[in-house]
Amino acid sequence: MFQSRTSGKFLAAVAGGALLLTACAGNDTEASKPTASDSASASAPAAPAAQTITYAFDQEFSSYNGNTGAENASRNNMPLQRVLTGFWYYGGDGAVTPDTDFGTYEKTSDDPLTVKYTINPAAVWSDGTPIDCDDLVLAWAANSGKVKGFSTAGTTGWELTSAPDCEKGGKEVTHVYSEPFADWHGSLYAQGSIMPAHVVEKQGNISEEEFLAAVKAGDDKKLADAIKFYNDGWIMKGTLLSEDLIPSSGPYKLSKLDAGQSLTAVANDKYWGAKPTIQTVVERIIALDQQAQALENGEINIAAPQPGPDVLNQLNALQGVTVKSGPQYFYDHLDFNLDSSPFKDRTLREAFAKCVPRQLIVDNLIKPLNPDAQILQARITASVQASYPDIVAGLGGEEKKYDTVDIEGAKALLEKAGKVGLEVKIGYKTPNPRRTSVAQLIGDSCNKAGFKIKDNGSEDFFGTGLANNTYDVALFGWIGSDLISGSTSTYTSVKKCDSEHKGNNNGCYSNKKVDELLKKANGTTEKAEQTPLLAEAEKIMWEDLATIPLYENPNLTAWSEGVGNVIPNPTQAGISWNMDKWTIS
């Protein structure tokens, strides 16, 4: 599954999709403060109306299709967790979990690797259309990279399979892989990746039979209108699309979008599985630094604010509120624009890396929440994973060059390149207090070396800046899982550096040796044998200064008294992964 890019506590990208298990904000802790004596000055938050649960998120929903390169973000993928289902999802412990309500899948052969997918005969879209194999064929066409024109966040896993055989109305497909693939059980047809083919066919002026034949033939001209709708037709422009364009395959369906305010999902009466326990779930758009106050005011039931000492103290002071912190697969990093910025020059990347105060950033912004926090040295492996120490040991000390600030070294490189006074635009999604602080700390340090750092944060950074490379350095987060296949596409060479082709490789980094190593790692089924491959790839990426990993983000979730079965998820699934099981008294 694709990792998702993030702007705050979680994301979203996106979208987006498997990446890193982040450091804990201390140990897993859970505290409930039900009595006035626990916090005499705090008031208990009032609960919103019964049979409705409201949770907060900091970014506005923008597309029903979170699988494209531009829309793979948590702003889209999180609220759709139980709207668009699939053969598997990430469970509460972050593990790949089959969704047997949707269907079943099984490996039928190791040599060659062969996997059979069978859709539940009872499965239907919320408009009554049966879910069948043309929906799977659409997912394959869009994500395999084998049908020209489709935008995708990544092709890893999909590209090893050929077009599935599908007859109109069929409920089964079988995929034969061209080579071994370690993460086969957590790759194809994830929750959120299966879009309604009948909608695409209608909007693309093509029959189901014609669609299936065109995909099998790779006929992008025949599919041109269908491809255009798949890429752009589900984008929201301030209002919810008509119901016929957004049928649901899960226990909820979207019912209302109030621009800048909220997104509402209601129970899907056509869902064939267990009915949701709550009729209505509302996602309120609330800035990260305002979510704790919104919880106290009773505007929301569940908050996932950006962790910080002040917000943690504020939450702990509330009566009747459960506060939980723990690990998640989420880290922040700096990505260079290697396509159209001065940082195509490695000398300038090195100068910048020398002045980025990584240790100071961790000390000032992360250690107050997690005293054991350290600088993150890897991109594909989290510090809590067993292989992390071995991978860091295999870097040969390359990463240590940038643990401490070297202003004089950075200044010398800038002077040598004749680039003293170079303006550097740091782009990120606002509002985000922590990332604003990161940009300020980088400015304070790198301006001394001769750079002119410009805080180029904007509310539409993911929609315009990141997609169109209108930045020099991008500051954002990846959230995913422990499946390496979801993150390797981020560092794999792209055919062309544009929104259609680059997927998650936003800066368009390219190194053929890294491509080879990551491909080998994806095809290696033994975890121990993956470690030296990933270590060598990481070492090369440090030598190239492909990106600069910074820190792992602590997790923080809080919910009001009477709300039950809230289970924070450490992956990109986020808090909404089991919203159909939430309860309220």
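Here is a short chat about a predicted model of one protein chain.

Me: What makes the protein chain as compact as a globular protein of its length?
Reply: Set two values side by side. The radius of gyration is 23 Å, and the globule rule gives 25 Å for 585 residues; those are close, so the chain counts as that compact. For scale, the C-alpha trace spans about 65 × 60 × 45 Å along its principal axes, and the chain holds 16 helices and 21 strands.

Me: Why is Ser493 called buried?
Reply: Buried means under 20% relative accessible area. Ser493 comes in at 19%, so it counts as buried. You'll find Ser493 in the loop between α14 (485-488) and α15 (512-522). As for the chain, buried residues make up 62% of its 585 residues.

Me: How do you know that the side chains of Ser493 and Ser510 are joined by a polar contact?
Reply: The cut-off for such a pair of N or O atoms is within 3.5 Å, and the contact between these two side chains is 2.6 Å. The side chain of Ser493 also makes a polar contact with that of Asp515, at 2.7 Å.

Me: What makes strand β13 "mostly covered"?
Reply: Just look at its residues, 321-325: four of the five are buried.

Me: And how do you know that β13 pairs with β19?
Reply: Pairing takes at least two bridges. Four bridges join β13 to β19 (residues 557-560), so they pair, and the two strands run antiparallel. Within this pair, Thr322 stands opposite Trp559 of β19.

Note on methods
Residues numbered from 1 in each chain as written. Predicted model: local features only at pLDDT ≥ 70, side-chain atom pairs only at ≥ 80, totals over all residues. Heavy atoms only, no water. Rg over C-alpha atoms; globule rule 2.2 N^0.38 Å. Buried < 20%, exposed > 50% of the residue type's maximum accessible area, 1.4 Å probe, protein only. Polar contact = N/O pair within 3.5 Å; in protein donor to acceptor, adjacent residues only side chain to side chain.
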